[in-house]
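Visitor: I would like to take a close look at one part of this model, and then to follow how the rest of the chain is arranged. Please go slowly and keep the geometry explicit.

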Amino acid sequence: MWKGYVDGKQTLTQLAAKHDRSHVWIRDKLDAVSVAAQALTPQKTVVIVDTTFWGHDYGVCVFRSHDLKKNIWWHEVESERMAHYQYGRNILEEKGWHFSAAVVDGRRGFLAVFKDIPVQLCQFHQIKQVTKYLTRKPKTEAGQELRALVLTLTKTDEATFTAALAAWHAKWGTFIEEKTVNEFLNGKKKWYYTHKKLRSAYRSLKTNLPYLFTYLKYPELHIPNTTNDLDGSFSALKKKLAVHHGLRKDRRYKLISQLLKNAR
């Protein structure tokens, strides 16, 4: 019944009809099931880390071994904080895991958590970050050129991209530094960057550039350039969990744990 509930996406009502029992009886049987701990041998691995959320105040922080294609640790959280990732790393290393590299989204705090190993920032998250600033259809020519450039991120190397970004800035550097001044009735003046979002998009790329091509610097580690492996796990998890809406918190986490344990 638990397997049908988790993998078969059968609801309590469907299981009750199948076994000719009440849904309360089915629920009690499922409540009695315990999710066994992940039985994996601690080893050296490239780890992908991220947190997925349901609403604003409930999420699960997950560490995934890229080499094993298995989730190796997860923990309920109310918000995304670097302390959660440090906590997860400490627990796993105490168990004997050794991280050769980490793949993360664009949050800068990760660099402190994994400062002693190579860190790859997810290139797709970087593209999404720039798109958030520029939209998919930038209005300015500078924005259009920067968006076209960032879309090459997954198909190029660090030297080529760095040169292209420098060329873009040489052409548009003065433009993104333009300021607009507002004069108020009391005579006071206040200025702001005229193309603030475009400037932020460029600064994001410039700041993250040292960590966008880590995977090419350590070919022997086989580091992925995105967090897609874990994101796919999250996507499948949410689709299966959506079938069982309205679960009590402890039941929801047990189901999440089983799905994360099963994820390939």
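Is the crossing of α11 and α12 left-handed or right-handed?

Guide: The crossing of α11 and α12 is right-handed, and, since this is a predicted model, that statement and those that follow describe computed geometry. Helix α11 covers residues 228–242 and helix α12 residues 249–262, and their axes come within 10 Å of each other while crossing at roughly 135 degrees. The two helices are therefore oblique to each other. On the α11 side the contact is made by S233, L237, K240 and L241, which meet R252, L255, I256, L259 and L260 of α12. Sorted by class, this contact holds 6 nonpolar residues, 1 polar residue and 2 charged ones.

Just outside this pair, the loop between α10 (214–217) and α11 contains N225. The side chain of N225 forms a polar contact of 2.7 Å with the side chain of Q123. With neighbours up to four places away in sequence set aside, the residues in contact with N225 are Q120, L121, C122, Q123, T154 and Y215.

Q123 in turn leads to another helix, because α6 spans residues 123–134, and this helix packs against α7 at an angle of about 165 degrees with the axes 10 Å apart. Helices α6 and α7 are therefore roughly antiparallel to each other, and their crossing is left-handed. Here I127, V130, T131 and L134 from α6 meet G143, L146, R147 and V150 from α7, a set that divides into 5 nonpolar, 2 polar and 1 charged.

Helix α7 (residues 141–150) also has α8 (residues 158–176) as a partner, the axes coming within 11 Å and crossing at roughly 170 degrees. That angle makes α7 roughly antiparallel to α8. In this contact E141, A142, E145, L146, L149 and V150 of α7 meet F161, A164, L165, W168, K171, W172 and F175 of α8, and the classes are 10 nonpolar, no polar and 3 charged residues. L146 and V150 of α7 take part both in the contact with α6 and in the contact with α8.

From the helices one can turn to the sheet, which is open and has 5 strands in the order β3-β2-β1-β4-β5, with mixed pairing. Strands β3 (70–77) and β5 (119–121) stand at the edges with a single partner strand each, so one side of each is left without a neighbour in the sheet. Ignoring direction, neighbouring strands of this sheet are turned by 25 degrees against each other on average. Strand β2 (residues 59–65) runs antiparallel to β3 and is joined to it by 7 bridges, and within this pair R64 stands opposite N71 of β3. Helix α4 (residues 82–95) packs on the sheet, where it touches β1 (44–53), β2, β3 and β4 (98–104), and its direction makes about 135 degrees with that of β3.

N71 also has a link to Q38, a residue in the loop between α3 (23–31) and β1. The two residues are 33 apart along the chain, and their C-alpha atoms are separated by 8.6 Å. A polar atom of the Q38 side chain lies 2.9 Å from the backbone oxygen of N71. Not counting residues up to four places away in sequence, Q38 touches K70, N71, W74 and K261. With K261 the path returns to where it began, as α12 comprises residues 249–262.

Methods:
Residues are numbered from 1 along each chain as its sequence is written. This is a predicted model: local features need pLDDT of at least 70, side-chain atom pairs count only at pLDDT 80 or more; totals for chains, interfaces and linings use all residues. Side-chain values use heavy atoms; hydrogens and water are left out. Axes are lines fitted to C-alpha atoms, for helices over the stretch in contact, and angles run from 0 to 180 degrees between N-to-C directions. Helices (H or I, at least four residues) and strands (E, at least two) are DSSP runs, numbered from the N terminus. Angles under 35 degrees count as roughly parallel, over 145 as roughly antiparallel, 65 to 115 as roughly perpendicular and the rest as oblique. A crossing is left-handed if the near helix is turned anticlockwise from the far one by less than a right angle, and right-handed if clockwise. Contact means heavy atoms within 4.5 Å. Ala, Val, Leu, Ile, Met, Phe, Trp, Tyr, Cys and Pro count as nonpolar, Asp, Glu, Lys and Arg as charged, and the others, Gly among them, as polar. A polar contact is a pair of N or O atoms within 3.5 Å; within protein, one must be able to donate a hydrogen and the other to accept it, and residues adjacent in sequence count only if both atoms are side-chain atoms. Two strands pair if DSSP finds at least two bridges between them.
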